[in-house]
Amino acid sequence: MKWPFAALILAACAPQPDPAALRALFDAEHVARLDVPVVFLTGADTATALVPAAQVGSVQTWQSRDDIQISETAGLVIATHGLGHDLIAADVAGATAALKGRTAPYMRHWVHLDGQLQPVTRSAQCRLVPGQMLRHQAPSEVVPVTAVVETCGAENPIINQYHIAADGIIWWSRQWISERIGTIELERIAR
Amino acid sequence: MRAFVVLWVCCLVIGSMAVGQDQPLRYNTYGAPGLIDMPMASSADDAELAFSVSSFAGQTRNTLTFQLAPRLSASLRYADLDDILGPGDVFYDTILDRSLALHYRFLNETPLRPAMAIGVTDFVGTGIYAGEYVVATKSLPGDLSATLGLGWGRFGGVGGFDSPLGAGFADRPARDFGAGGEVSVDALFHGDAAFFGGLRWTPNDRFDLALEYSSDAYPYEDGVAFDRRSPWNVGLTYAVRPNLRLSAQYLYGAELGAQLTYVINPLNPPFGTGFGTPPVTRSGSDLAAALAAEGLDLRAYRRDGTRVHVVVENTRFATSAQALGRASRVLALQVPSAVRHFHIALSENGLTGPAVVIDRVSLRDTEFAPDGGAAFRRTVAFAAPVEAGAVPAASAFSWDIAPYLTPNLFDPDDPLRADVGLALDARWRLGEGVIVAGTLRQKLAGNLDQATRMSDSVLPRVRSDFALYDREGDADIADLTLAWYAQPSPEVTTRLTFGLLEPMFAGTSAEVLWRPAGQTWALGAEINQLQQRDYDGDFGLLDYTVTSGHASLYWEGDAGYGAQLDMGRYLAGDWGGTLTLSRRFANGWMLGAFATLTDVPFDEFGEGSFDKGIVFTVPLSWISGQPRRDVLARTIRPVTRDGGGRVVVEDRLYEVTRPLTARVIDDTWGMFWR
């Protein structure tokens, strides 16, 4: 037996998560006891913590308790679930190479579904510019990172930002998902 | 006239410097694309629905406008008009008037050429708003646009001149307000013509200002409802939100008017692809349980070497492709690695569609392909469903409680009546394809029982006694049926339904549908032996019995446009046909209109002359963003009379089997990986 309509009403009335309160849960003491990596997501009208759910090849999928999934490769988001105006797929081969040091411009492609459920691809030429060295304050450690800005397109450009450590881990990023969502922030809480 | 032409030529010259600006559409007081009270040559975004209410001088117009196609829109209007002096100087305190308008943009704007449109209004109603026009609109520099039109009828009343179409169009026959409903084509583009036009300034997305010269003389309202002193109107529109606009107008040197316009577009889902549980990533205890966790009832299973064949019933997802995607991933996690192909068929009410053949390696390798699954789609094939061992139903009984709303629109005594309450829906699957289902409703509030207008129909009162049904009892059994669905062949399905079929009729309904694979058409036939139910909503029956039935032809073309033709016998014993034209969207929205002509003469039918109306279906998944299969479906008739009435039976075969077809699966394929 079920009460699907009542569940819908309850879901609609649920309070929005408080990013600051949720983030405060991940202090050094709690993070030290974690036995899995954690990524903290803010944006798209939500704030939530995600843990690894599956690994297929180089693609790592993270999942939260509130049914949000983020799939990434080398820290670059290639698909989302549960955000609403989700990213269906993305071609990040050029961006991945650029993060590893290739300097030439490259193409990026994002796939979304239109109102008729047909895939629509947005493409843009991108350039990745390394910035200054920073010290990223994770809950249980301080990590030296390089701030990197990725700019895609000339008119109304998509701008992504990454804080990447020497070992390739992206500790913090702001990545574009879709026109309606805009960007989300992903912060690595623990390795 | 010369001044208009000179002004227009100037606009075109200046406009050649402006390359088609993307101004937000404005809806006029008639709820159609326009300036203030006059039309313009613009069109809304494809599929946009606009609800508008405008009021001035006791003239209130409620309009629903649908952009049927990128160039064609239709407006359905319900106007509450006070103080009207009709033909023959007959005075009306109030007229509640329904009318239909069409607007077609036949030329797009270019840097050197204006957009041009043609339109007709009120050609099937009483004719109060009857008029036709050809109109051109050109963008100008400085966020301006200019409009010039030539109108007939209502739009040819001020500064009129002999018809430019020649002597054959010189005279416009007078319309009698009458009962309405009859199509009047002999008046189209006849009689005097006149120019109208105006300017619109849209400095930003929030505001726009319009100034227009109206050629509408308001022949039935001037001097009675208000005193028309000037042909000039000015209006200001403010967009509270992108889809909600408020307008204030000063009209005809006489009155202030106000308008509210709300727009919605089925192609812009508020929650995108939605929320809900993400795809499963870990294996479960067993296949049936893992599928059930995804809202999929395992109905049959068979392993055949390196293939597994499964039949699942989708109880959760609005699109077939999403259900298939979830089933595929569950199988990939649950079945032995030796299995290389999954044959998955969807079923509804025991009826099974073609199997979708999924290559397991492709499924694994292309989930995150940067093409969004296009290459994977090419590896998927459709095959005939195969015999597989039936699995006992995981959940044979289901129920739901949800609020209901039963509006009754257009009653002359009170155009908006409604009841609200709670509806208990229960469904019990006795065996494969054998289903007991019912709906019990408890009214909580409303005023449907206050309707006092009694039917004056000379036909058997199969629908027009709706007020008696509304008045009797707060709780009723809306339907309670036993249905048996069968599938003699993959392309032929049958249904036999017995019981309380709908609030007004009980009996037996038998149906057969032939839906050839890969075709855009299907054929069906239905026969019903019916007895009218008592007004109290219990098990009692009235004396009236009838045998009704139809042969039906269904067609769905490209871009979601479709038609249905039903020919047969209706509830009042009348013979005839119903044509339904509709547009469906992959996300589950459907909008359509129907008209029924039977051997009942128009004057016997009564007000409206023949049965007609609009139908729409809105998926609740679209509204809520949650994965749901239920929909909000409504039929709205301007008048409920007895001719052309058809029994309502739950789960007719065409709609039940539609989600199972390869075509629908293909149309929704984008949701496979969701």
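In the hairpin formed by strand 27 and strand 28 of chain B, five residues lie between the strands, and G573(B) takes a positive phi near 85°. The model is predicted. Strand 27 and strand 28 (residues 575–584) of chain B run antiparallel and are joined by nine bridges. Within this pairing, G568(B) has G576(B) of strand 28 as its bridge partner.

Strand 27 (residues 561–569) also pairs with strand 26 (residues 541–556) of chain B; these two strands run antiparallel and share eight bridges. Here G568(B) of strand 27 stands opposite H550(B). Thus G568(B) is matched with H550(B) and with G576(B) in strand 28. The hairpin of strands 26 and 27 of chain B has four residues between the strands, and A559(B) in this hairpin adopts a positive phi near 60°.

Positive phi values were also found in two further loops of chain B. Most residues other than glycine have a negative phi. A57(B), which is not a glycine, has a positive phi near 50°. This residue is placed in the loop that links strand 1 (49–56) to strand 2 (59–67) of chain B. A57(B) counts as buried because its relative accessibility is 13%, under the 20% limit for that class. D651(B), likewise a residue other than glycine, has a positive phi near 55°. The loop that holds D651(B) runs between strand 31 (631–636) and helix 9 (653–657) of chain B. With a relative accessible area of 28%, D651(B) is partly exposed, since that class lies between 20% and 50%.

Nonpolar packing was examined next. The largest nonpolar core comprises 41 residues, and the members with the most contacts inside it are L291(B), L331(B), F342(B), I344(B), I358(B), F376(B) and F672(B). Helix 3 (residues 320–334) of chain B supplies the largest share of this core, with six residues. A second core, separate from the one just described, has 35 residues and includes W110(A), A124(A), L186(A) and F368(B).

For F342(B), one of the residues with the most contacts inside the largest core, the surroundings were listed with neighbours within four places in sequence left aside. On that basis, F342(B) is in contact with V308(B), S328(B), L331(B), A332(B) and V335(B), and also with V356(B), V357(B), I358(B), R360(B) and L363(B). Among these contacts of F342(B) are L331(B) and I358(B), which are themselves listed with the residues that have the most contacts inside the core.

Conventions:
Residues numbered from 1 in each chain as written. Chains lettered and ligands numbered in written order. Predicted model: local features only at pLDDT ≥ 70, side-chain atom pairs only at ≥ 80, totals over all residues. Heavy atoms only, no water. Pairing = 2+ DSSP bridges. Core = buried A, V, L, I, M, F, W, Y, C linked by side-chain atoms within 4.5 Å. Buried < 20%, exposed > 50% of the residue type's maximum accessible area, 1.4 Å probe, protein only. Contact = heavy atoms within 4.5 Å.
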